[in-house]
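Please read the points below with the sequence and the structure open side by side.

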Amino acid sequence: MTEPDAIRPVILVVDDNAENRALALATLEDDYRVVMAANGEEALRSVAAESPECVVLDVNMPGMNGFEVCAQIRALSGHEQTPVVFLTALRDVETFDAALRAGGDDFLTKPVRPTELVLRVQAALRVGRLNAANREYYELARRQRDDLMRLQLQKERLTAFVVHDLKNPVGVVDLHAQVLLRDKELSPRARASATAIREEVRSLLRLIMNLLDISKSEEGKLVPAVTELSFATLAAEVMETASVAARAKGVTLKSELGAASVRADPDLLRRVLENLLDNALRHAPEDSAITLSSSEREGQFEARIADEGGGVPAEMRERIFDPFVQVESTDRSVTRSGRGLGLAFCRLAVEAHGGRLWVEEGRPGAVFCMRLPHG
Ligand SMILES: Nc1ncnc2c1ncn2[C@@H]1O[C@H](COP(=O)(O)OP(=O)(O)OP(=O)(O)O)[C@@H](O)[C@H]1O
Ligand SMILES: [Mg+2]
């Protein structure tokens, strides 16, 4: 039940973007009296007039930015400790440090999920109501949290650098292997080596791109560039690339394409298919078949990749989509796999399209199913 205005805590939301303000209002208005400001000057007037118990403050605003507004709120008598939760577009160490220096209590990266905003506001309100003794404990815990957060942000940056800087040299290695393969005089042994280099490079690049996109998705930056594209062409290309590995294992690649076109980001969809096909190949027994099919289901595009391997145990069918989760295999024919990032990437990429990805039992084998909306 909504409480009368007089007892509901007042939350001040400061954002120059009207849409963001509306979103914050819709998220918070059931439990709080929400006051809004579109810029720093308005915010300072509201703080003086309404004495909010918590301020949700956008960082990037024309005129006074969020950091300056926070510093000025802190200078107002009675508001030295009013909790301030910053909303920032950037998730990096510099922004975090600037937020702390300005006197902020918490830090959320956009796009902000409504449940996250509610939780952070609740936490900020509890902090605002602490007595002096408890505040001391809180400050200690907070300093530790800040150190951990800083480390975490530095680690994220390092990963992004490593991954990004690996991509180019690995691409160059592949180019050189291609140049070698074009040499008609190349001995069969050298040719086999160059082919092996290309295979390894492909799997390394797949790993790098998976990592890169998983971290992009964590920052809310995995946005698909959707176009109408030929699934038939894409499927043929992906199967052609996998054909060397398939031949080596005696596996036949089949396709049954009922739906020939789809609306998707070509690069992301290609890499989803590459990952699923790579997994299927790894688990497929010798002389078996892998089938890629597509169809229209309930007004959506559906693709399925079915192999005849050991399948995924029922209790693991959700967990395998989490990063770093791999199922222990007792089957010696299953070749050693990577890091357990492939399916995590695939699910994030499919969900970024508003679609769904899951696994079913194939009797025998695993069937990975993907639905993508047409809209
Ligand atoms: N077609 C399949 N048949 C049986 N098990 C599968 C299949 N595809 C995936 N799995 C299981 O799900 C786990 C996670 O797959 P995922 O693609 O995320 O990681 P990976 O293939 O082990 O490593 P990476 O993709 O990072 O190289 C695999 O380790 C495997 O245990
Ligand atoms: Mg994989």
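1. Is the crossing of α6 and α7 left-handed or right-handed? The model is a predicted one, and in it the crossing of α6 and α7 is left-handed. The axes of α6 (residues 132-182) and α7 (residues 188-218) come within 9 Å and cross at roughly 155°. Angles over 145 degrees count as roughly antiparallel, so α6 is roughly antiparallel to α7. By class, the contact of α6 with α7 has 16 nonpolar residues, together with four polar and five charged ones.

2. The loop between α6 and α7 contains Glu185. Glu185 has 5 other C-beta atoms within 10 Å; a residue with 12 or fewer counts as exposed, and Glu185 is therefore exposed. A separation worth checking on screen is that between Glu185 and Ala303: their C-alpha atoms are 42 Å from each other, with the two positions 118 residues apart along the chain.

3. Next, the sheet. Five strands form an open sheet with parallel pairing, in the order β2-β1-β3-β4-β5. β2 (33-37) and β5 (106-109) are its edge strands, each pairing on one side only. On average, and with direction ignored, neighbouring strands of this sheet are turned by 20° against each other.

4. Within that sheet, one pair can be followed in detail. Strand β3 (residues 54-58) pairs with strand β4 (residues 84-88) in the parallel sense, over four bridges. Val56 stands opposite Val85 in β4.

5. Two peptide bonds deserve a look. Most peptide bonds are trans. Lys110 and Pro111, however, are joined by a cis peptide bond, with omega about -5°. Pro111 lies in the loop between β5 and α5 (114-128). A cis peptide bond also joins Arg363 and Pro364, where omega is about -10°. Pro364 is found in the loop between β11 (356-361) and β12 (366-373).

6. Which residues have a positive phi although they are not glycine? Asp287, with a phi of about 60°, is one of them, and Phe324, with a phi of about 65°, is another. Most residues other than glycine have a negative phi. Asp287 lies in the loop between α9 and β9 (289-297), while Phe324 lies in the loop between β10 (300-306) and α10.

7. Are Asp287 and Phe324 buried or exposed? The cut-off for an exposed residue is 12 or fewer other C-beta atoms within 10 Å. Asp287 has 10 such atoms and is therefore exposed. Phe324 has 8 C-beta neighbours inside 10 Å, so Phe324 counts as exposed too.

8. Last, the surroundings of ligand 1. There are 23 residues around ligand 1, and those that come nearest are Asn279, Gln326, Val327, Gly338 and Gly342. Which helix gives the most to this shell? The answer is α9, with four residues. Both α9 (266-283) and α10 (342-352) supply at least two residues each to the shell around ligand 1. By class, the shell has eleven polar, ten nonpolar and two charged residues.

Key:
Residues are numbered from 1 along each chain as its sequence is written. Chains are lettered from A and ligands numbered from 1 in the order in which they are written. This is a predicted model: local features need pLDDT of at least 70, side-chain atom pairs count only at pLDDT 80 or more; totals for chains, interfaces and linings use all residues. A residue is near a molecule or strand if its C-beta atom, placed from the backbone, lies within 6 Å of it. Ala, Val, Leu, Ile, Met, Phe, Trp, Tyr, Cys and Pro count as nonpolar, Asp, Glu, Lys and Arg as charged, and the others, Gly among them, as polar. Axes are lines fitted to C-alpha atoms, for helices over the stretch in contact, and angles run from 0 to 180 degrees between N-to-C directions. Angles under 35 degrees count as roughly parallel, over 145 as roughly antiparallel, 65 to 115 as roughly perpendicular and the rest as oblique. A crossing is left-handed if the near helix is turned anticlockwise from the far one by less than a right angle, and right-handed if clockwise. Two strands pair if DSSP finds at least two bridges between them. A residue is buried if 20 or more other C-beta atoms lie within 10 Å of its own, exposed if 12 or fewer, and partly exposed in between; C-beta atoms are placed from the backbone.
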